[in-house]
Amino acid sequence: MALRLARALDCRVEELFALADSELRVEAEPAGPVHAGRVALAHLGGRWVTYPLAGEAMRLAADAIVAEAPKRRGRVQVELVRPRAEAQDNLIVMGCAAALGVLADRLSGRAGAGRVMWLPRSSTQALAALAAEHTHVAGVHLIDGRTGEANVPDVRKHAAGAIVLITLARWEAGLLLAPGNPRKIRGAADLGRRGLRLVARETGSGSRRLLERELGRAGLSAALAGAAPVRASGHLEVAQAIASGAGEVGVATRDAAIAFGLEFVPLAEERYDLAIPRALLADPRLERFLDAMTSAAFRRELSSLGYDVRGCGDRVAELDAA
């Protein structure tokens with residue numbers, strides 16, 4: 001009798017879980033290629049968007065699991081593993097500045113609106129995501145080759161709608177080298193040496209654009225960047241490649257050099273801005289994010305990583321919809 005009751009109870013529990021599963025499934029738009037498994041979610045432009053939690057993003061707790069293959073082009077079924085209201089409250093921030101990860105971590109331990117999720121992306125990738133409504137905030141450091149102006153021309157070219165540019169900080173970008181600089185590299189002119197294992201960023205990144213510009217100024221072909229034997233997808237990945245001995249030199253930021261104990265040869269100072277839709281500025285999640293970003297504690301932390309925070313929080317441009 002007890003066994004029959006237990007089995008009946010087990011069946012009832014399974015039915016309840018099946019019902020819960022059906023209620024917790026949502027249809028979402030993938031922000032990139034569809035992958036089975038764990039994903040983060042955000043609610044943008046009136047629809048759900050998924051982000052695969054692979055690589056470094058493995059550290060993040062999932063909002064959902066991809067439940068089924070796409071039923072129609074551009075859509076995928078996911079099964080929530082976090083309350084819908086919490087997933088809907090996510091604030092997505094894309095960019096290559098490791099400081100954004102520091103800020104997201106600082107906010108994760110505080111009560112308040114929005115779970116901030118930093119997804120590392122190049123400047124161009126972040127702007128493309130902003131135009132597609134796949135992110136709330138896009139970090140950018142792109143110098144226009146024709147005018148020398150920072151960020152505004154590229155944001156105007158790629159982003160849609162009314163956008164406000166708010167400065168995170170200024171940073172130094174330069175050459176990262178092994179401790180002691182064993183190859184005695186002093187500048188971009190040394191990057192043409194035969195057999196040098198150069199670490200290059202992907203096309204569309206600010207660091208790749210800087211590398212190609214400096215190669216040109218040194219009288220070297222920009223094709224050296226495309227032929228680099230080692231590729232990296234972020235500043236920290238460049239530093240990691242050099243620290244591990246996979247590469248000997250690459251362009252990244254001073255904070256990446258500090259993080260891995262590497263030598264640093266400065267090439268340029270750049271302004272890192274956040275491109276934010278103007279309509280989002282009144283969102284409590286964004287207000288909380290910007291308040292934390294401009295706080296004295298966070299600014300002190302950024303200063304210790306080599307950032308110049310004197311312009312932190314400045315509105316440097318407002319771009320109207322075309």
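Let's start at the surface of this predicted model: Asp320 is exposed, with a relative accessible area of 59%. Asp320 forms a salt bridge with Arg278. Because Asp320 lies in the segment after β14 and Arg278 in the loop between β13 and α10, the pair ties together parts that are 42 residues apart in sequence.

Arg278 also meets the side chain of Glu318 in a salt bridge. Glu318 sits in strand β14 (residues 315-319), 40 residues from Arg278. Arg278 is partly exposed at 32% relative accessible area, and Glu318 is partly exposed at 43%.

The count of salt bridges comes to 22. Here are some of them, with the N to O separation:

| Salt bridge | Closest N and O atoms |
|---|---|
| Asp320 and Arg278 | 2.9 Å |
| Arg278 and Glu318 | 3.6 Å |
| Asp63 and Arg115 | 2.9 Å |

Is Asp63 buried or exposed? Asp63 is buried, with a relative accessible area of 0%, while its partner Arg115 is partly exposed at 23%. Asp63, Arg82, Glu86 and Arg115 are linked in a salt-bridge network.

Arg115 is in the loop between α3 and β7, which leads us to helix α3. The axes of α3 (residues 98-108) and α11 (residues 296-304) come within 11 Å and cross at roughly 145°, in a right-handed crossing. Ala99, Val102, Leu103 and Arg106 of α3 meet Ala297, Phe298, Glu301 and Leu302 of α11. This contact has 6 nonpolar, no polar and 2 charged residues. The buried residues of α3 include Leu100 and Leu107, and their cover includes β6, β7 and α10.

Finally, His235 in helix α8 counts as buried at 3% relative accessibility. Its contacts include His141, Trp171 and Arg201.

Notes. Residues are numbered from 1 along each chain as its sequence is written. This is a predicted model: local features need pLDDT of at least 70, side-chain atom pairs count only at pLDDT 80 or more; totals for chains, interfaces and linings use all residues. Side-chain values use heavy atoms; hydrogens and water are left out. Axes are lines fitted to C-alpha atoms, for helices over the stretch in contact, and angles run from 0 to 180 degrees between N-to-C directions. Helices (H or I, at least four residues) and strands (E, at least two) are DSSP runs, numbered from the N terminus. A crossing is left-handed if the near helix is turned anticlockwise from the far one by less than a right angle, and right-handed if clockwise. Contact means heavy atoms within 4.5 Å. Ala, Val, Leu, Ile, Met, Phe, Trp, Tyr, Cys and Pro count as nonpolar, Asp, Glu, Lys and Arg as charged, and the others, Gly among them, as polar. Buried means under 20% relative accessible area, exposed over 50%, partly exposed in between (1.4 Å probe, protein chains only). A salt bridge is a side-chain nitrogen of Lys or Arg within 4 Å of a carboxyl oxygen of Asp or Glu. Lists of a residue's contacts leave out its neighbours within four places in sequence.
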